[in-house]
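Subject: Structure for you to look at

Hello,

Here is the structure I said I would pass on. Please open it first, then read the notes below beside it.

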Amino acid sequence: MAEVIKVGMADLNCVYPPDALITLGLGSCVGICLHDRETKISGMVHIMLPYSHQIKNNSNLAKFADTGIAKLLDDMLKMGAKRSKVVSKVAGGAQMFNFNDTSDIMRIGARNVVAVKETLKNLNIPILAEDTGGSYGRTIEFSSDTGLLLVKTIGHGIKQI
Amino acid sequence: MSISIADLNSQQIDVLKEIGNIGAGNAVTALSKMVSKRIDMKVPIVNIVEFKEVADLVGGPEMLVSGIYFKVSGDITGSIMFLIDNDSSRTLINWLMGKNETNAELDEIELSALKEVGNILAGSYLSSLSTLTGLSMTVSIPSLAIDMAGAIMSVPVILFGQVGDHVLLIETDFIEGINQVKGNFFLIPDEQSFEILLKSLGVI
């Protein structure tokens, strides 16, 4: 029986197949799933902010796109994942509230997505699918067995990517 | 360096609780007058929690809620979040507009009315706080989202992510009658505002 492992905000976890990973109620945060297509070792990180170097207090690696993805990859490699077989899927980065001003902090969802894509590109990890942006929350569940990501919303449907 | 969450002692936390008490007391009175119902509030709670625990405070990350969000600016900065579950927002709107609707979905005018309720609550909360502390503070226009509680709460929490790994929420729950209307009101001061807030009240 496959277990479903929870990933909280600013948190990460890795599993062996057939276990699944879930994060509930993603808003402006971004959920990144890494998956080794050969061993099926998979990981998920729920990041809140783009870059660790922009912030003084950056001890929690899972909080940022750059350090979160790097740490997740590292953990997966330690579990036996093959670096060259790792692919990714990305969801989240919504703008939950609309304000007239366009201050940086209000566009944090979009900035998170940009930082995630840049980090994955630098690490040479292909993005197979994404469901980002919009103005609604998402619950995402990643199956290590199939490599599929289930995205659930309230009022914006359910999809599998 | 200003006071951080970890430095707060129990006396200072009590003062923050009292701030919640006075602010929410005024807000609840305003709401009570608006709908001509008796509304009770619970003793405010000062929650200092890790990010991953925030959504559990509000009935779970996937709970469908209406969130009305305000930015606070002036001498102190931070956020105000007013959360109300979906059945409650329908009941509240029915009282306000003299309707008997059962459809949980709100139309354009009703949504606007709900925002206005939030506006009045946030305004009376802050104006009493301002009188108490002598600090000037203003609220932004309200912004409304109806979605998963976790997604909604992530917005003020992200602001905290820039300075630490914990968030401080001054929470007040209010209830009308036999749980017909339930809501949570959160004042979330930015970390650099703790010191200003506590100083203005002579605690440090």
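A:Lys6 has A:Ile22, in strand E3 of chain A, as its bridge partner. This is a predicted model, so please read everything that follows as computed from a prediction. The pair belongs to a wider set of contacts: E1(A) and strand E3 (residues 20-26) of chain A are joined by three bridges and run parallel.

What is the order of the strands in the sheet? In chain A it is E1-E3-E8-E9-E10, an open sheet of five strands with mixed pairing. At the edges are strand E1 (4-6) and strand E10 (158-160) of chain A, each of which pairs on one side only. On average, neighbouring strands of this sheet are turned by 20 degrees against each other, with direction ignored.

Further along the sheet, strand E8 (residues 138-143) of chain A is joined to E9(A) by four bridges, and these two strands run antiparallel. Within that pairing, A:Phe142 stands opposite A:Leu149 of E9(A). E8(A) and E9(A) make a hairpin, with five residues between them. In its turn, A:Gly147 has a positive phi of about 75 degrees.

E9(A) also pairs with E10(A), through three bridges, and again the two run antiparallel. Here A:Lys152 has A:Ile158 in E10(A) as its bridge partner. This is a hairpin as well, with five residues between E9(A) and E10(A), and A:Gly155 in the turn has a positive phi of about 85 degrees.

Which residues of strand E9 (residues 149-152) of chain A are on its covered face, and which on its uncovered one? A:Leu149 and A:Val151 are on the covered face, while A:Leu150 and A:Lys152 are on the uncovered face. So that you can place them: A:Leu149 is the residue opposite A:Phe142, and A:Lys152 is the bridge partner of A:Ile158.

Now chain B. Its secondary structure consists of five helices and eight strands, and along the sequence they follow the pattern α-β-β-β-β-α-α-β-β-α-β-β-α. Chain B is as compact as a globular protein of its length, because its radius of gyration is 16 Å, close to the 17 Å that the globule rule gives for 204 residues. Along the principal axes, its C-alpha atoms fill a box of roughly 55 × 35 × 30 Å. Of the 204 residues, 43% count as buried. Among contacts in chain B with a separation of 6 or more, 73% are between residues 24 or more positions apart.

An unreviewed UniProt entry lists residues 13-48 and 109-143 of chain B under "domain: CheC-like protein". In the model, residues 13-48 of chain B are 64% helix and 19% strand, with the end C-alpha atoms 10 Å apart. Residues 109-143 of chain B are 71% helix and 11% strand, and their end C-alpha atoms lie 15 Å apart.

Last, the contact between the chains. How many residues does each chain give? Chain A gives 27 residues and chain B gives 26 residues. On the side of chain B that touches chain A, the elements giving two or more residues are strand E3 (64-74), strand E6 (143-148) and helix H4 (149-161) of chain B. H4(B) gives the most, with nine residues. By type, the residues on this side of chain B are 15 nonpolar, seven polar and four charged.

Regards

Key:
Residues are numbered from 1 along each chain as its sequence is written. Chains are lettered from A and ligands numbered from 1 in the order in which they are written. This is a predicted model: local features need pLDDT of at least 70, side-chain atom pairs count only at pLDDT 80 or more; totals for chains, interfaces and linings use all residues. Two strands pair if DSSP finds at least two bridges between them. Axes are lines fitted to C-alpha atoms, for helices over the stretch in contact, and angles run from 0 to 180 degrees between N-to-C directions. Two residues are in contact if their C-beta atoms, placed from the backbone, lie within 7 Å. Ala, Val, Leu, Ile, Met, Phe, Trp, Tyr, Cys and Pro count as nonpolar, Asp, Glu, Lys and Arg as charged, and the others, Gly among them, as polar. UniProt positions are given in the numbering used here, feature names are shortened, and annotations may be inferred rather than shown by experiment. The radius of gyration is taken over C-alpha atoms; the globule rule is 2.2 Å times the number of residues to the power 0.38. A residue is buried if 20 or more other C-beta atoms lie within 10 Å of its own, exposed if 12 or fewer, and partly exposed in between; C-beta atoms are placed from the backbone.
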